[in-house]
Every structure is written in C-alpha cells, then in structure tokens.
Amino acid sequence: MVTGGFYALLSRMRYIARWGLMRSSIPENLQEHSHMAAVLAHALGLIRREVFGLPCDADRLAAIALYHDASETLTGDLPTPIKYHDPEIRTAYKKIEALAVDKLENMLPAELQSSYHGYLSPSAEEDFLPLLKAADKLCAYLQCVEERKAGNHEFLSAERQTFASLIEMGLPELDYFIEKCLPAFELDLDELGAMDP
C-alpha cells in the first residue's frame with residue numbers, strides 16, 4: 001500500500017457520480033457533494049452557535065462533512081432506495097463502509113491516522129451529528145431544486161419527499177436555514193444581486 005495514497009484516492013471523488021438511478025440535467029459528483037455538504041454543515045453549526053446560543057464547533061462539523069462520504073471512493077455511491085431497502089442491507093453496507101474507512105486510514109502516514117479517525121468515523125456521541133445528516137439531506141434537496149430549475153421533471157417527486165423529510169427532522173437550525181436562506185436558491189444570478197455594481 002502506498003503511504004500518502006489517501007489524498008490521491010480522495011482526489012478521485014470527482015469521478016464518482018451521484019444519483020445513479022436518475023436522469024440528471026446537471027450531473028453531480030461526490031467531490032461537489034462533499035464540498036456543498038461541508039458548506040451547509042458549517043452554516044448549520046454557526047446558526048446553532050450564533051442564533052440559538054448553543055455550543056457548537058462549526059469548523060469541526062464542516063471538516064467531518066467534508067469527509068462524510070470519503071468511503072465511497074472505494075465503495076461507490078449506492079442508490080438510496082437500495083441502501084435503505086431493508087435493515088439487513090443497511091447493516092451490511094455499514095460494515096462495508098467501515099472496512100473502506102479502515103482502508104483509507106491505513107493509506108495515511110502513520111502519524112496522521114489517529115487525527116483523521118475522528119473525521120472519517122466521528123463519535124456517535126457528538127451532539128452535532130444530526131446537523132451533518134441535515135446538511136447531507138439539504139444537499140440532496142438543493143440538487144432536486146437545480147434539476148427542476150433546469151426543466152428536469154425526473155426529480156420532482158424526490159424534491160417533495162426530501163423537503164418533507166427535512167421538515168420532519170425538527171431541527172431549529174435547519175428550520176432557520178429553510179426560512180432565511182433556502183428561498184435564495186430559487187433566484188437567478190441577477191435576482192441574487194451578484195452582478196450589481
């Protein structure tokens with residue numbers, strides 16, 4: 001095994017397509033998804049801390065989000081309907097993910113392995129992990145919005161279902177983002193004011 005191969009392998013995230021069962025107008029790869037998940041997780045962490053006055057290490061949350069799907073560089077992206085079809089499949093896939101994470105960690109220089117472990121396998125006790133799930137699901141919803149805006153009706157059902165599941169999460173930080181930030185994703189560049197002098 002090549003020491004330091006971790007980084008070279010993660011650079012290949014751009015080759016792993018998401019939404020494999022859907023006809024996409026705007027293809028999304030794992031690298032793009034991971035970046036946006038980190039941006040949104042960071043935002044939700046800051047909302048928790050700055051708006052609701054609760055402790056949250058938003059920077060750590062962003063880093064965990066950046067690596068949350070790193071195992072898929074080895075496993076690929078298993079479509080959600082398959083991954084969550086029944087408990088046995090979910091359990092088996094979790095084992096495969098754990099093996100992939102171990103393999104990735106072993107591709108790091110020995111001095112860095114323990115530092116990365118907390119990002120690749122965050123502790124279940126970390127109270128901000130629901131925000132990570134919310135950011136991940138929010139990414140899926142935003143991909144559906146982009147597809148709808150591009151005229152692709154293939155994602156309409158997924159958009160409705162994903163939005164309903166976001167609301168069902170009952171996270172104040174997510175509700176705040178939905179109210180204050182989500183409407184801007186419906187706007188075009190001129191409407192966002194990006195081109196204003």
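In this predicted model, one face of helix α6 carries the exposed residues Glu 88, Lys 95 and Leu 99, and that face is turned away from the buried side of the helix. The buried residues of α6 are Tyr 93, Glu 97, Ala 100, Val 101, Leu 104 and Glu 105. They lie on the same side of α6, because they cover an arc of only 135° around its axis. A general property of helices is relevant here. An α-helix has 3.6 residues a turn, so residues three or four places apart point the same way.

The length of α6 can also be checked. The helix comprises 20 residues, from 87 to 106, and at 1.5 Å a residue it should therefore span 28 Å; the C-alpha atoms at its ends are 29 Å apart, which agrees.

Attention now turns to another pair of helices. Helix α8, formed by residues 129–149, packs against α9 at an angle of about 150°, and the two axes are 9 Å apart. Because angles over 145 degrees count as roughly antiparallel, α8 is described as roughly antiparallel to α9. The crossing of α8 past α9 is left-handed. Residues on both helices make this contact, among them Ala 134, Lys 137 and Leu 138 of α8, and Leu 156, Thr 162 and Phe 163 of α9.

Glu 159 offers a closer view of α9, the helix of residues 156–168 in which it is placed. Its relative accessibility is 10%, and since buried means under 20%, Glu 159 counts as buried. Leaving aside residues up to four places away in sequence, Glu 159 touches Tyr 141, Cys 144, Val 145 and Arg 148. These four residues of α8 also belong to the contact between α8 and α9, as does Glu 159 itself.

Terms used: Residues numbered from 1 in each chain as written. Predicted model: local features only at pLDDT ≥ 70, side-chain atom pairs only at ≥ 80, totals over all residues. Heavy atoms only, no water. Helix = DSSP H or I, 4+ residues; strand = E, 2+ residues; numbered from the N terminus. Expected span 1.5 Å × (residues − 1). Buried < 20%, exposed > 50% of the residue type's maximum accessible area, 1.4 Å probe, protein only. Arc of directions from axis to C-beta. Contact = heavy atoms within 4.5 Å. Axes fitted to C-alpha atoms, helices over the stretch in contact; angles between N-to-C directions. Parallel < 35°, antiparallel > 145°, perpendicular 65-115°, else oblique. Left-handed = near helix turned anticlockwise from the far one by under 90°.
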